[in-house]
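User: I am new to this structure and would be grateful for a close look at one part of it, namely the pairing of charged side chains.

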Amino acid sequence: MNVMNYRGYSARIEYSDEDQLLIGHVAGIRDVIGFHGESISELRQAFEEAVDDYLETCRRLGREPQKTYSGKLSLRLEPTLHASVAAKAELAQKSINQWVSDILSQAACS
């Protein structure tokens with residue numbers, strides 16, 4: 001998956017063969033922000049303009065713009081899995097939080 005980042009927002013990028021355009025959609029918020037371009041530089045410019053326009057529209061409406069994920073994730077685990085995770089983290093000389101973050105990062109980036 002291809003991703004662009006700007007002002008704390010991330011967008012997933014796809015190619016539309018039918019339209020012969022690069023298409024982008026801001027991810028991680030409920031509001032819909034889309035943009036497109038014929039080249040990477042055009043797409044980048046359209047992305048930045050779309051985010052800036054979204055933030056300006058929210059300001060004009062007196063509404064807080066939606067933020068992307070906070071970085072906090074709460075999980076409920078079976079006690080045996082929790083114990084196994086704690087043991088793996090301890091063996092790696094990491095906190096549970098750091099160990100889980102490292103594992104999820106490896107899985108998400110592969």
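How many salt bridges does the count come to? Please also describe some of the pairs and how exposed their residues are.

Analyst: The model is a predicted one, and the count in it comes to six salt bridges. Three of these pairs are described here, including two from helix 1.

Helix 1 covers residues 40–61. Within this helix, the side chains of Glu48 and Arg44 form a salt bridge, with an N to O distance of 3.8 Å. This pair qualifies because the cut-off between nitrogen and oxygen is 4 Å. Glu48 and Arg44 lie four residues apart, which places about one helical turn between them. Glu48 is partly exposed, at a relative accessible area of 27%, and Arg44 is likewise partly exposed, at 29%.

Helix 1 also holds the pair Glu56 and Arg59, which are three residues apart and again separated by about one helical turn. Their side chains meet in a salt bridge at 2.5 Å, N to O. Here the two partners fall into separate classes: Glu56 has a relative accessible area of 30% and is partly exposed, whereas Arg59, at 57% relative accessibility, is exposed. Arg59 is placed in that class because exposed means over 50% relative accessible area.

The remaining pair described here joins Glu14 to Arg12, and the closest N and O atoms of this salt bridge are 3.8 Å apart. Glu14 is partly exposed, with 41% relative accessibility. Arg12 also counts as partly exposed, with a value of 34%.

Technical notes. Residues numbered from 1 in each chain as written. Predicted model: local features only at pLDDT ≥ 70, side-chain atom pairs only at ≥ 80, totals over all residues. Heavy atoms only, no water. Buried < 20%, exposed > 50% of the residue type's maximum accessible area, 1.4 Å probe, protein only.
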